[in-house]
Structures are given as C-alpha cells and as structure tokens.
Amino acid sequence: MTKNFVQELNITDVLSGGADEEARRLLEVWYANNGILCDELISLAPLLLIFDGSMTTASKPEMLLCGEQSLAAQLLGNEWAEQPESAVSTLNKQYINLIEQGYKRTLQTNRPTFELVSTSLQHSQTTDLKLRYQRLILPFQTSLGAPFLLSYSHDVGTHPRLTDPKPNGKSPQSLPRRNMGQTSPSRLARSSN
Amino acid sequence: MDNCPHYLKYKHLYVGERALNRHEQLHDLLDAAEISGCYIFAVIICIRFYGHSNPRELKVHQIDRFYNWLDPIVSAALHNAARKQ
C-alpha cells in the first residue's frame, strides 16, 4: 500500500547537493532576483508548473502553465498539460489535498518550500502511479507585486502501481531517471545558444 | 471604466467606433503584460508554441491560440497587483 506523505525538507539542501541541478539553478535565480520574475526563468520554464499566487486557504491552486518538459507533463501527457485551466480538477482529490498544502504554505510564508512527496496519483482510467518526487515551490512576483508560484518537481522513484495487469499484457516499469546519463532540457537549451 | 488606470483597460475592443483587429488586440495584451510585469510569460508561451521569443511578430493565424494562453495570466497579474495597491 502506498504511503501518502509530504515531508518538508531543508531548503539549504537544494544548494548543497540534496536536489538536482535544475532545482539548484531555480533557487539561485530566486535568491539573486529577490523573488522577482526575471528573464533567467525563460530557459527553465519548460520544466515548471506556474500557478496563480492569489489562492486563499479555501481555494485550489489555479494552474496557469504546465511546462511541456515538467514531471507532470511527462506523467500525464501533453494533452493534459495544454489544458491548465481544467487539468488539476482531473486528478484524484486525495492527491490534490495532499499537495496543495505546500502551495499554501509557500504563499503564507513567502519563502521557498522544498518537499519530498510520496503518494499515489490517479488520472482517468489509464494512469495509476505510485509517485515519489522532490518538489521545489518558489514564490515569485511581478514588479507590481502580483504573486505567482513556480513549482519544479524531480522524480526520485515513481512507479506504476503494481495492481491489475496492463491491457497490453506488459508488466509495469519504472519511469526512466532523467538525470542518469541523460542531458537535461536546460543543458540542451544552454548548449544550443 | 473611464476612471481605471490605463493598464486595466487592456481589453480594448474599439478605437473610437472602429473595432480593433486581431494584431491590435495582441499588442494591447502585450502592452498590458509589459506594464504589469509579466511579459516574461508572453515570451515563454511564444517560445513554446512558435519557437521564437518575439510575440509581437506573431502571424494573424497564430494569435488566437497565443492570446488564449496569455490572457488569463495577464488578467491574474493585473488583478492581483491592483489588490496589493
């Protein structure tokens, strides 16, 4: 049975090797720009989820953009990622209730949040995943003070749930680890400039 | 609407009695994005769907999709900035 939890991690671990390179870069950008949106985020945007930062304790996070190379897009597909206004509502409520607290805490404290998330995610009848990922949530704002949340997630061991056999008869396999011998999207972007 | 700050009028549909064309509406939206400090999202969306970083150069058949993506973000930026003031 999947253990559902969110464990808050020490944000300083991001800068000292406890997260991947993209998380470290993102946090460095946040510190360097005092949380103000800046051009350095453009190359990282494909990896990010962007939320309206005006949500209250009673509201659900409103996703505005889902990066096409984000963990969510990898798991749920580009079709899901290209409908941000309705995407979150298609996920199981248990998952939403578990993960939304991190967004709310980030808004309340106006400080980055770094977490380990372990849960199950169901989406439609074809996606049933046992998730384990690190998540970095950063409170950015515009020059006029309008808040946005930028979220980056890095898979640290997501698996399809070992339940019924898949319709194609194949056994479920672990998702490939992006940073194990593979060039990350941000590295590709930098190398092409 | 006449007493609203300029940037809150970004959804102009007319100049006088002439309806704005799609390019004019695009520039109106992008002006609002610049003023509200969220132009970075316009660039991000333009790169994602059209492979370049200058949304003001979008062709007319590209504007609808781009506009639908950016409009909620600019609305959020303007609305939430106004709440802070």
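Helices (H or I, at least four residues) and strands (E, at least two) are DSSP runs, numbered from the N terminus. The model is predicted, so local features need pLDDT of at least 70, side-chain atom pairs count only at pLDDT 80 or more, and totals for chains, interfaces and linings use all residues. Residues are numbered from 1 along each chain as its sequence is written, with chains lettered from A and ligands numbered from 1 in the order in which they are written.

**Exercise 1.** Place N110(A) in chain A and say whether it is buried or exposed.

*Solution.* Start with the loop: N110(A) sits between α6 (93-109) and β4 (113-123) of chain A. Next, check the backbone: its phi is near 55 degrees, a positive value in a residue other than glycine. Then count neighbours. A residue is buried if 20 or more other C-beta atoms (placed from the backbone) lie within 10 Å of its own, exposed if 12 or fewer, and partly exposed in between. N110(A) has 11, so it's exposed.

**Exercise 2.** Do the same for N34(A).

*Solution.* N34(A) belongs to the loop between α2 (21-32) and β2 (48-52) of chain A. Phi is near 55 degrees here, again positive in a non-glycine residue. With 9 other C-beta atoms within 10 Å, N34(A) is exposed.

**Exercise 3.** Check the length of helix α2 (residues 39-50) of chain B, then look at what it buries.

*Solution.* The expected span is 1.5 Å times one less than the number of residues. For the 12 residues of this helix that gives 16 Å, and the end C-alpha atoms are 16 Å apart, so the two agree. Its buried residues are Y39(B), I40(B), F41(B), A42(B), I44(B), I45(B) and C46(B). Just past the helix, G51(B) takes a positive phi of about 75 degrees.

**Exercise 4.** Describe the largest nonpolar core and follow C38(B) out from it.

*Solution.* A nonpolar core is a set of buried Ala, Val, Leu, Ile, Met, Phe, Trp, Tyr and Cys residues joined through C-beta atoms within 7 Å. The largest one has 63 residues, and those with the most contacts inside it include L26(A), L136(A), F41(B) and C38(B). Helix α3 (residues 60-84) of chain B gives the largest share, 9 residues. Now C38(B): two residues are in contact if their C-beta atoms, placed from the backbone, lie within 7 Å. Leaving aside neighbours within four places in sequence, C38(B) contacts L37(A), T142(A), A33(B), I73(B), V74(B) and A77(B). A second, separate core of 5 residues includes I99(A), V117(A), L121(A) and L131(A).
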